[in-house]
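Colleague: I should be grateful for a close look at the aromatic pairs, followed by an account of their surroundings. How many aromatic pairs does the count come to?

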Amino acid sequence: MRLSFGDCVMDLGTREVFRSGSLAAVSPKAFQLLEILIDRRPNAVSKHDLHRLLWPETFVSDANLPNLVRELRNALGDDARESHLIRTVPKFGYAFAGDAVPEGVSQPAESERVYKLIWKDREIALAEGENILGRERDVTAWIDVHSVSRHHARIRVRGEVATLEDLGSKNGTFLMGDPVSAPRPLRDGDRIRIGSVEMTFRCYVGGVSTESAQSR
């Protein structure tokens, strides 16, 4: 079986990974890590579980896992600072953030994707390009709450990738409880907080949540 994600293909039979049609340098252990993360997607896998699965009954240095993740990211062309495939879950572990489908099965067209922010009973549609969140009336997501800055944060949508960025706000922007100090990729179901306001980022393909579709 061959799984396709981005410009990469993972062959479970030959246990090889190809990127843009060329064989990528992936060690057997890094391949096993990718296999575990894809199998558990979209859920995150703890460092403890990864150590147990990758090095059963063997003591290894704590640096082994991040080194393996770095090897895998380099092979897949995934930037740790703005990762679209291997997501770091601070103080917990790692998760696969891509859409892995059997090769030959078409992935949904980008035009079919709909992005929204859910705040209380409001649904705020996000368009391709820049979407500013803040207290100024002319922004995409107008949030008239005192703890929110006039131009507080930005969600940038580029095809099938959406990223969150703080715009120097007074009370900060948080993703899944962690402060956002640089652009961070968003996934369906992510919790966002700007100032005291909490919202949920949703991504729908063909009217179906990508979080629900991946868990089937």
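Modeller: A residue is called buried when its relative accessible area is under 20%, exposed when it is over 50%, and partly exposed in between, for a 1.4 Å probe and with protein chains only. This is a predicted model, in which local features need pLDDT of at least 70 and side-chain atom pairs count only at pLDDT 80 or more, whereas totals for chains, interfaces and linings use all residues. Residues are numbered from 1 along each chain as its sequence is written, and side-chain values use heavy atoms, with hydrogens and water left out.

The count comes to 2 aromatic pairs, where rings of Phe, Tyr and Trp (its six-membered ring) pair if their centres lie within 6.5 Å; planes under 30 degrees apart count as stacked, over 60 as edge-to-face and the rest as tilted. One pair joins phenylalanine 5 and phenylalanine 96: the ring centres are 5.3 Å apart and the planes stand at 85 degrees, so this arrangement is edge-to-face. Phenylalanine 5 belongs to strand E1 (residues 2-5) and phenylalanine 96 to strand E7 (residues 93-96), so that the contact links distant parts of the chain, 91 residues apart. Strands (E, at least two residues) and helices (H or I, at least four) are DSSP runs numbered from the N terminus. Both phenylalanine 5 and phenylalanine 96 are buried.

The pair of tyrosine 115 and phenylalanine 201 is stacked, with 5.8 Å from centre to centre and 25 degrees between the planes. Tyrosine 115 lies in strand E9 (residues 113-119) and phenylalanine 201 in strand E19 (residues 197-205), so this pair ties together parts that are 86 residues apart in sequence. Tyrosine 115 has a relative accessible area of 5% and is therefore buried; phenylalanine 201, at 1%, is buried as well.

The pairs sit within a chain of 4 helices and 20 strands. Buried residues make up 43% of its 216 residues. Of the contacts (heavy atoms within 4.5 Å) with a separation of 6 or more, 44% are between residues 24 or more positions apart. The C-alpha trace spans about 55 × 40 × 30 Å along its principal axes. The radius of gyration, taken over C-alpha atoms, is 19 Å, which agrees with the value near 17 Å for a compact globule of 216 residues; the globule rule is 2.2 Å times the number of residues to the power 0.38.

Other sites are exposed or partly exposed. Histidine 48, found in helix H2 (residues 47-54), is exposed, with a relative accessible area of 59%. Histidine 48 and glutamate 128 are 80 residues apart in sequence and 39 Å apart in space, C-alpha to C-alpha.

Backbone angles add a further detail. Most residues other than glycine have a negative phi. Glutamate 57, in the loop between H2 and helix H3 (64-76), has a positive phi near 55 degrees and counts as exposed at 88% relative accessibility. Methionine 176, which is not a glycine, has a positive phi of about 55 degrees. Methionine 176 occupies the loop between strand E15 (173-175) and strand E16 (178-179) and is partly exposed, with a relative accessible area of 32%.
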